[in-house]
Amino acid sequence: MKYENGRDLFPEKLLRQIQKYAAGKLVYIPAGDFKRSWGESSGYRRYLSERNREMKAKFKAGADIEQLADVYCMSVESVKRIVYSKKEVCILDYQCTLSSAKAYAAAGRLEEWVHAYLLSDGDNKEFSDGLKLFDRYFLGPVRMPLNLFTRCYGPEENMKFRTDSVEWFELCVGKLMEVIRQEADMPPLIVHYVDGGFELNDGNNRHEAYKRLGIPEYDVIVWITKKWEYDEFLEKFGKYLTA
């Protein structure tokens, strides 16, 4: 059975309640009477397909790119990729994996994968909503040295997001190390390039697990807001995009 990090599965309030009763313990949660693939019960994959067809129809009817970006809360570049595409909109099979992220990127829909991940496995709707406030550049997944990124979550005093439970942090990292030894198709980390450096937004526990396992690099998705920072990233780190 594949280990899942409770922090990645449960909303924060629910996780705190679970920790009161079972902090540091391995708990089996039985499945219901049937299991559906992600997107089947939520209808999100169907929504993406129907949304893109609707967007194309509105564009052909005279709506401009900026209007569509406002209506659908997407970046101008993402709208352009959809409305100018000559291919019939296809439904990509979202998975919480690196290969799924690469498939979305190859189809010019990396931003969609990011939001699909954050609204499901990543359990971070606030992050997803924040990304939609402005046009963003999304690059990757690209394999980069992990020593370029520093954790912002953990039990240490200098952490921006600190956990009071060292035991829980160690348990999570330890179990992730076991999973990583057996599973090569882990989802990419998500990092923000800003002010000449990186912020590790998603995957802090995995980053620590990779570090302890001696794994020097892994794939990341980089998001950038400002055009000059995008150009700066390409100048400093563009070599990794062509590696």
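# Close-up views of a predicted model

The structure holds zero disulfides. This is a predicted model, and the legends below go through it view by view.

**View 1. The whole chain, with 11 helices and six strands.**
The protein chain has 243 residues, and buried residues make up 44% of them. Take the contacts between residues at least 6 apart in sequence: 67% of them join residues at least 24 apart.

**View 2. Four strands form an open sheet in the order β1-β6-β4-β5.**
The pairing in this sheet is mixed. β1 and β5 (197–202) stand at the edges. Each has a single partner strand, so one side of each is left without a neighbour in the sheet. Neighbouring strands are turned by 35° against each other on average, with direction ignored. Strands of a sheet pair through backbone hydrogen bonds, either parallel or antiparallel.

**View 3. Strand β6 pairs with β1 and with β4.**
β6 spans residues 217–224, and seven of its eight residues are buried. Its pairing with β1 (residues 137–145) is antiparallel and runs over seven bridges. Its pairing with β4 (residues 189–194) is parallel and runs over four bridges. Val222 is a good place to look. Leu139 stands opposite Val222, and Val191 also stands opposite Val222.

**View 4. The hairpin of β4 and β5 has two residues between the strands.**
β4 and β5 pair in the antiparallel sense over five bridges. Two facing pairs can be picked out. Val194 stands opposite Gly197 in β5. His192 stands opposite Glu199 in β5. Asp195 lies in the loop between the two strands, β4 and β5. The phi of Asp195 is positive, about 55°, although Asp195 is not a glycine. Is Asp195 buried or exposed? Its relative accessibility is 69%, and exposed means over 50%, so Asp195 counts as exposed.

**View 5. Helices α6 and α10 pack against strands of the sheet.**
Helix α6 (residues 98–106) lies across β1 and β6. Its direction is at about 135° to β1. Helix α10 (residues 204–213) packs on the sheet and touches β4, β5 and β6. The direction of α10 makes about 110° with that of β5.

**View 6. Helix α6 packs with helix α7 at an angle of about 145°.**
Two packed helices are described by the angle between their axes and the distance between the axes. Here the axes of α6 and α7 (residues 110–118) are 7 Å apart. Which residues meet? From α6 come Ser100, Ala101, Tyr104 and Ala105. From α7 come Leu110, Glu112 and Trp113. By class, the contact has five nonpolar, one polar and one charged residues.

**View 7. Helix α9 covers residues 166–182.**
The helix has 17 residues. From its first C-alpha to its last, α9 reaches 25 Å. That is close to the 24 Å expected at 1.5 Å a residue. Which residues of α9 are buried? Trp168, Phe169, Cys172, Val173 and Lys175 are among them. Leu176, Met177, Val179 and Ile180 are buried as well.

**View 8. The peptide bond from Gly140 to Pro141 is cis.**
Most residues other than glycine have a negative phi, and most peptide bonds are trans. The bond from Gly140 to Pro141 has omega near -5°. Where does Pro141 lie? Pro141 is in strand β1, one of the strands at the edges of the sheet.

**View 9. Asp123 has a positive phi of about 45°.**
Asp123 is not a glycine. Its place is in the loop between α7 and α8 (125–131). The relative accessible area of Asp123 is 30%, and it is partly exposed.

**View 10. Cys96 is partly exposed, and Cys152 is buried.**
A disulfide is a covalent bond between the sulfur atoms of two cysteines. The structure has zero of them. Cys96 has 24% relative accessibility and counts as partly exposed. Cys152 has 17% relative accessibility; buried means under 20%, so Cys152 counts as buried. Cys172, in helix α9, is buried too.

Definitions and conventions: Residues are numbered from 1 along each chain as its sequence is written. This is a predicted model: local features need pLDDT of at least 70, side-chain atom pairs count only at pLDDT 80 or more; totals for chains, interfaces and linings use all residues. Side-chain values use heavy atoms; hydrogens and water are left out. Buried means under 20% relative accessible area, exposed over 50%, partly exposed in between (1.4 Å probe, protein chains only). Two strands pair if DSSP finds at least two bridges between them. Axes are lines fitted to C-alpha atoms, for helices over the stretch in contact, and angles run from 0 to 180 degrees between N-to-C directions. Contact means heavy atoms within 4.5 Å. Ala, Val, Leu, Ile, Met, Phe, Trp, Tyr, Cys and Pro count as nonpolar, Asp, Glu, Lys and Arg as charged, and the others, Gly among them, as polar. The expected span of a helix is 1.5 Å times one less than its number of residues. A disulfide is a pair of cysteine sulfur atoms within 2.5 Å.
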